[in-house]
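Colleague: I would like a close look at a single part of this model. Please keep the answer connected, and add the wider setting afterwards.

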Amino acid sequence: LMDLPTCELSRLGEIADLVTSVRLSRICKARLALALRKNGYIPKLLRLFRVCERAKDIKALHLLFDIVRGILYLDKNILFEVMFSDACILDVVGCLEYDPCLTQPGCYRESLTKRAMLPEVIPTRDPELRQKLHKVYRAQYIRAIITPNPSDFEEDFLSTLNSFISSGKKEILRELWKDKEFLPEVFAQLTDEATAGEQRCELMKFFKKFCAISFKSSKIRDKFLQTLAKLRFLPTLEMLMGVDDLQVRSAATDILSFLVKFSPDMVQEFVMQEARQNENDTQLISEIIKQIICSRDPEFGGDNQLVEILRALIDPEKMLDGASNLKIFGFLDIFYNRYIHVLAAPLLANTSEDVHWQYIIYFFVQLKALISLVDNYQTAEILSSVLKLLSFCVERHMYHMKFYVMNKDLLRRALVLLKSKHKFLALCAVRFMRRIIGLKDEFYNRYITLGNLFEPVVNALLDNRNRSNLLNSALLELFEFIRTEDIQFLIAHIVENFSDALESVKYVHTFQGLKTKYEQGKDRQNKKPN
């Protein structure tokens, strides 16, 4: 065993030098760890810390910080068992508060005491399991404090600590899976109105991690999904997605994302059952759409996740494995009868026809009326999400969406956004039209020409002709697609109505090519017998 200096105030400098000097030698690290463990050295150091803190000896406290961090950097399990114990943990964290690089000591002990609430809210009556929970959470907290810049140390730095945390989590998961009362108790606490907000939040965070590990393990995933279905978890999740607490909503959204990824048919079946049983709109898809279009902070990141969840739920290709064509058509009937109006409400905010009034009122007040060119960035983000979803519907729901677009004159509404100062929103409007034209559908083409819907597109192109940006590129690509695909009906409309206006756009050959295609089409038409 390595000889250690006597644990006293006058020799703290020697101890700090010893602990930091062995970092590059595995043999020396192992010998030092054994010496620290065998002689009960760590509790002696921590008693000395309490003395120094009472005396406000800052120099000694800085040395103790170096010593304790150096001991943790030894990365030995035999030391973690001591340092993460009930008797030592607060003093260990206390030493780490006195980092010489900080102008003021940290508040790690106060923060750890608050975090200690999390293992307490987890419903388990096994004292050994609760102790494991505490140790793992303490280890994670310590790791967050002491982990340096990755470039400062080797790749496997703190690998034992990482393994300690990972194996602890797996062990906890195994124990919780054995407890048949665990999941029912979790759901009961989450839905109980008497559960305090902070307690529900911490429990929800833990359950999200529990779900993440369970879904990633192929061995228990199917059993876990069966258990969730048996306990009717989706109504609970739906309720949690509607609470005011942002962290609870965020965790619920993450869990729903897991479910949609690994078992979309389970969620789709639940949505269809809800639609058949209820006539109100307090349902899962309604809640998802409401959070997309009424988000107070679309930059938070939840919107993109919710958009992806909704896309997965309404994607017929994801239903094909376990559903008949009739069932898929029935699901889409429900979506277009009950929910598409809510999703399209931002674009239909200037009309009262067949639109849910609560959303109309919201958008009149909050979005300052769509026709006023949507200069609010937050509103632009929301409308961008809506247009992406509507573009997805155009491509995947060709029958249902075609009639909805024409019935609500949806493309005209979208093209209003070409005048928005937010170019990303104008770009979404162009892509919406591009998706429609990409189908090369005769009904859509007649709808576009009869409504003269190329006029705002041509105006936008002329306004952007001297700029090199994504919007200008997307507009040009739209016309180039029509030319290369030789869509004669649209080519004739563009040339006959906008050739003079587009004469000035000479930096690309697209519009000259459209004229050529137009003349070729006329020649072919003239050569045909009467």
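Colleague: Why does Ala 275 count as buried rather than exposed?

Modeller: Bear in mind that this is a predicted model. Ala 275 has a relative accessible area of 6%. The cut-off for buried is under 20%, so Ala 275, at 6%, is classed as buried.

Now its place in the chain. Ala 275 belongs to helix 16, which covers residues 264–277. Set aside the neighbours within four places in sequence. Ala 275 then touches Gln 283, Ile 334, Arg 338 and Tyr 339. One more position can be placed relative to this residue. Ile 285 lies 10 residues from Ala 275 in sequence, and their C-alpha atoms are 9.7 Å apart.

Helix 14 gives a second view of burial. This helix runs over residues 233–241 and is mostly covered, with 7 of its 9 residues buried. The buried set is Phe 233, Leu 234, Thr 236, Leu 237, Glu 238, Leu 240 and Met 241. A general point on helices helps in reading such a list. An α-helix has 3.6 residues a turn, so residues three or four places apart point the same way.

Last, the whole chain. The chain holds 31 helices and 0 strands. Of its 530 residues, 49% are buried. Take the contacts between residues at least 6 apart in sequence: 69% of them join residues at least 24 apart. The exposed area of the chain is about 26700 Å², and carbon and sulfur atoms supply 50% of that area.

Notes
Residues are numbered from 1 along each chain as its sequence is written. This is a predicted model: local features need pLDDT of at least 70, side-chain atom pairs count only at pLDDT 80 or more; totals for chains, interfaces and linings use all residues. Side-chain values use heavy atoms; hydrogens and water are left out. Buried means under 20% relative accessible area, exposed over 50%, partly exposed in between (1.4 Å probe, protein chains only). Helices (H or I, at least four residues) and strands (E, at least two) are DSSP runs, numbered from the N terminus. Contact means heavy atoms within 4.5 Å. Accessible areas come from the Shrake-Rupley method with a 1.4 Å probe; for residues, only the protein chains shown count as cover.
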